[in-house]
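Visitor: I should like to take a close look at a single part of this protein. Would you please guide me through one pair of packed helices and the surroundings they share?

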Amino acid sequence: MKNLKIFVYVNLALACLFSLTCFSFNLDISLIALPLSAAFTVLIFLFVYKKFLKANSIKHLNAVRRFFQYEPFVYISAFVLQRSGKNGMSYALDLVAAVLWVSVTITSFVILYKLSEKRVYALSSAWEKEHKANPPVVYHGIKRVGIEILEWLDALIQAIFTITLLNIFLFQLYEIPSESMVPTFLIKDRVVVFKTLAGPKFPLSEVGLPYAQKYDRGDIVVFRNPHYKDDRKSEVKSFLSQFVYMCTLTLVNINKDDNGELKADPLVKRVTGLPGEQLMMMDGTLYSRTKDSAEFKAVEKDSSWAAWNLNTLPASTRAKIQTIPLSSAQAENTLEIEEERRSLDLQAAAIECASLAKEFSRYAKNGSSNIKDLTAFMSDSDREVYSLFSNLEKNTAALLNASNGSEWVEHFLTDWYKNLGGISNLSSYAEDGSLTGQNLYGGDLYTDSLFRLNVMVKLSYGRILVQNAKLLYGGADAVTVSKDSVRAENYEKAQKLVDYLWHMDLRNMPIFPANAGDGSASYIPENSYFMMGDNRYNSLDMRHSYDHWLTSLDENDAYSVEYYSDLAPQYVSRNKILGKANFRFWPLTRIGKPGVGVRK
């Protein structure tokens, strides 16, 4: 009995101290924290101290147990409410409040242990006599139904708060919302994320358990989406939505953005870049280098889970996939374009571009109109790769009818190599398997690849333009022009280029982190990681922004072909990682530890 009183007194003292930390000067929701905490503390004092211990009676034993069962939940609610206002609390106050909450929780567990049905009556002979003299009342009818309902409601509320606490510190349930991790995960798969070693924090604070988790390449992790703002209002909404999500066992998700769309938060991806690395991805192969090894080398492990062609998966797996981003033909076309780019003879391309420009001038010499500003004839958006070819017929006529149309064509087709000092200087550029160096335009394979794609598109455009001009110059009608086999063949090649450029940002990534201004390498910082999805053609991951913008294939070419890009790679700090997704608990047919992807 003496030990019980000591724990009760300590608990009340800690509860009073915790309530003091809930004081707020802000005129917002945080003002509720103190009244909530203080009122509950007063109720504990009245029931536990006065009506239970001081009165030395077990008349209110069930109520006393309920108070200690709810104590951790009420105080964690006060903790969250105080930090849900416009302004947060200092780290020191967060730390004090967290320590007090933990202490209150521990003492409440000890008190509940002592007040359990098996132990409580042995604490006092008076309580034992009172218990024997007052056997439990058995209710019937409406009263019994009412009591049953209240007990179920009590159990439900306690279960909700218990799940919330488990979610904060032990594990989190997560439903796979997209196909970014196919074939490792499919939509509606549910996984358990173990959080304890990942340094979980008290809600809306930086106080929590220490980090004890290390991540290796290939680990599947769940993390807060860094694309969304993380101000206090957003964090409060995220916490509330996660509370509802966990309480409904992942069935209800209210985590929506300002447009009412469900947020892609948190994300589940695979760790593909580690602290101290600089990355680059070309033609679907991930490369890395470190301070100790300045040469980029292929990350062999990445190919074991990177899925590029889902058409090669077993039919049973394909049947469960909602979207296969590329057809088999498109996948083959991708490899074809990349091989053509690697083997492109720049000197031969320059000679052909010059020849095409000269041939066009023979057909355009009788033009009557005039292009006042050659660079403005086609804006950046007009030179976007799709617009470039879709408007080719119209622009052919405009260029033929302009007295200086052939001059624009010459700039468009030849400025790319004239900027480099002429055709003879192109011999020094070659994609010979090296990833960096002076033999690559711009000094690295990624920049060189864009440069070559720019040339390939210009060649394709020039061939169709000249064929159009030739047919029109010869008096061919629209039907004859549309059925011309040379045009059809070149348009087919152009379509392959357009299709490749639409998907290019999903298959390639520039050097990341970008080199410093002096050209020296930068690396992923300590305690930060880079993540990608397994399904590389259908994964909006840390390679990408949620916005698209028009950008040039060759920044040094005023007449460069443009394309829409969303490449904005970023790493993720360790404190945003919630933990590893190491166990799939649904569907039951695939329960267990998820495997790696496919080697394709």
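Guide: What follows is an account of helix α15, its partner α17 and the core to which they contribute. Please bear in mind that the model is predicted.

Two packed helices are described by the angle between their axes and the distance between the axes. Helix α15 covers residues 445-473 and helix α17 covers residues 485-507; their axes come within 10 Å and cross at roughly 155°. Angles over 145 degrees count as roughly antiparallel, and α15 and α17 are therefore roughly antiparallel to each other. The crossing in which α15 passes α17 is left-handed.

Many side chains can be followed along this contact. From α15, the residues that meet α17 include Tyr-446, Leu-450, Leu-453, Met-456 and Arg-463. On the α17 side, the residues include Val-486, Asn-490, Leu-497, Tyr-500, Leu-501 and Met-504. By class, the contact holds 14 nonpolar, four polar and three charged residues.

In soluble globular proteins, nonpolar side chains tend to be buried together. Here the largest nonpolar core has 62 residues, of which Phe-360, Phe-389, Trp-416 and Leu-453 touch the most other members. Among the elements that give two or more residues to this core are β5, α10, α14, α15, α17 and β11. The most comes from α15, with 14 residues.

Leu-453 deserves a separate look. Leaving aside its neighbours within four places in sequence, Leu-453 is in contact with Leu-497, Tyr-500, Leu-501 and Met-504, and also with Ile-337, Arg-341 and Leu-553. Apart from this core lies another, of 41 residues, among them Phe-73, Tyr-75, Leu-100 and Phe-169.

Note on methods:
Residues are numbered from 1 along each chain as its sequence is written. This is a predicted model: local features need pLDDT of at least 70, side-chain atom pairs count only at pLDDT 80 or more; totals for chains, interfaces and linings use all residues. Side-chain values use heavy atoms; hydrogens and water are left out. Axes are lines fitted to C-alpha atoms, for helices over the stretch in contact, and angles run from 0 to 180 degrees between N-to-C directions. Helices (H or I, at least four residues) and strands (E, at least two) are DSSP runs, numbered from the N terminus. Angles under 35 degrees count as roughly parallel, over 145 as roughly antiparallel, 65 to 115 as roughly perpendicular and the rest as oblique. A crossing is left-handed if the near helix is turned anticlockwise from the far one by less than a right angle, and right-handed if clockwise. Contact means heavy atoms within 4.5 Å. Ala, Val, Leu, Ile, Met, Phe, Trp, Tyr, Cys and Pro count as nonpolar, Asp, Glu, Lys and Arg as charged, and the others, Gly among them, as polar. A nonpolar core is a set of buried Ala, Val, Leu, Ile, Met, Phe, Trp, Tyr and Cys residues joined through side-chain atoms within 4.5 Å. Buried means under 20% relative accessible area, exposed over 50%, partly exposed in between (1.4 Å probe, protein chains only).
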